[in-house]
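Grab a pencil and work through these short exercises with the structure open beside you. Each one has a task, then a solution that goes step by step.

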Amino acid sequence: MNIQEYISSGILETYALGELPDFERAEVEKNLIQYPELRAELSKIEAAQEVLLQKMAIAPPSSLKAKVMQTAQPQGRVVAMNNSALIQWKYVAAASIILAVGFGYLAFDYRGKWKNSEVALNELIAQNRQVAEDYNRVNFRLDKMENDLKVINNPSFAKVVMKGTPNAPQSLASVYWNKETKEIYLSIQNMRDLSQEKQYQLWAEIDGKMVDAGVFDANTGGLIKMKQMFKETVTVFAVTIEPRGGKPEPTVETLQMAGTTTKG
């Protein structure tokens, strides 16, 4: 609990005036038991209210006190208070009631405004958080598009087009391979989606052996960065369908597409 916010809410003033509904009063009393700071603040509020009530009270005239004391003396008969003294006491009582009602209204009004402000602040924070997330998402996409264009337009990357095999004649994808940095990027033009249990796997033929170049899904947008090949003798890039996560050896029967690094 934030003690200062709780105190600032005005609920303790309302509690001191006895204006809280039962369930809120029970919650306040529970918090008073748990937090000594709240008990101390409540004591200050009650003392302040008492001082204020005393200042606002209308003091009866001194002659009234004498008359009341005289009336209270046992004289063998009951003496009624005169009308003027009774009226003044009524004013005192009425002033106290009005003051109490005023305190209650102010406490409720302040507490309501504080709650409304808190709701508005939370909504504003949520909106700002959503704007920030959207901005970061768009910024990430722009950065990726910029990086993809740098790769595609970089003459150091050789483009290897992989065409579909009889297993997937409509499939088409390209590999961007940089012999110097050993980087490999994959661009999908047309590949069908697979079941959750399956995944495509890219292979690089090096010295007559197929080497794993990484797995990927068909629904990935933009260039996909694959594993680096640390030799410059890649002759063929090919794609097979394998169990999700890939295999150390390709399943030749599922070959989807292939492309050679040599032109002509």
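**Exercise 1. Work out how many bridges join S1 to S8, and which way the two strands run.**

Solution. Keep in mind that this is a predicted model. Start with the pairing: S1 and S8 run antiparallel, with 2 bridges joining them. Now pin down one of those contacts by residue: Gly164 has Met257 in S8 as its bridge partner.

**Exercise 2. Find the strand that 4 bridges join to S8, and give the bridge partner of Val236.**

Solution. The strand is S7, residues 234–243, and it runs antiparallel to S8. For Val236, look across to S8, where its bridge partner is Thr260. Next, sort the residues of S8 (257–260) by face: Met257 and Gly259 sit on the covered face, while Ala258 and Thr260 sit on the uncovered one. Put the steps together: Met257, the partner of Gly164, belongs to the covered face, and Thr260, the partner of Val236, belongs to the uncovered face.

**Exercise 3. Place these strands in the whole sheet and name its edge strands.**

Solution. The sheet is open and has 8 strands, with antiparallel pairing. Read the order across: S5-S4-S7-S8-S1-S2-S3-S6. The edges are S5 (209–216) and S6 (224–225), each of which pairs on one side only. Back in the sheet, look at S1 (residues 157–164) and S2 (residues 172–178): they pair in the antiparallel sense over 7 bridges. To see that pairing on screen, click on Lys159, which stands opposite Tyr176 in S2.

**Exercise 4. Decide how the buried residues of H3 are arranged around its axis.**

Solution. First get the helix itself: H3 covers residues 22–34, 13 residues in total, and spans 19 Å from first C-alpha to last, close to the 18 Å expected at 1.5 Å a residue. Then list who is buried: Glu24, Val28, Asn31 and Leu32. Looking down the axis, these buried residues fall within an arc of 105°, so they line one face of the helix. As a reminder, an α-helix has 3.6 residues a turn, so residues three or four places apart point the same way. Finally, check the face turned away from the buried side: it carries the exposed residues Asp22, Phe23, Lys30 and Ile33.

**Exercise 5. Is Leu121 buried, partly exposed or exposed?**

Solution. Find Leu121 in helix H6, residues 83–152. Its relative accessibility is 48%, and exposed means over 50%, so Leu121 counts as partly exposed. Now look around it: Leu121, Leu124 and Ile125 make a nonpolar surface patch of about 260 Å².

Methods:
Residues are numbered from 1 along each chain as its sequence is written. This is a predicted model: local features need pLDDT of at least 70, side-chain atom pairs count only at pLDDT 80 or more; totals for chains, interfaces and linings use all residues. Side-chain values use heavy atoms; hydrogens and water are left out. The expected span of a helix is 1.5 Å times one less than its number of residues. Buried means under 20% relative accessible area, exposed over 50%, partly exposed in between (1.4 Å probe, protein chains only). The arc is that of the directions from the helix axis to the C-beta atoms. Patches are made of residues with over 30% relative accessible area and no salt bridge: like charges are joined within 9 Å, nonpolar side chains (Val, Leu, Ile, Met, Phe, Trp, Tyr) within 5 Å. Accessible areas come from the Shrake-Rupley method with a 1.4 Å probe; for residues, only the protein chains shown count as cover. A salt bridge is a side-chain nitrogen of Lys or Arg within 4 Å of a carboxyl oxygen of Asp or Glu. Two strands pair if DSSP finds at least two bridges between them.
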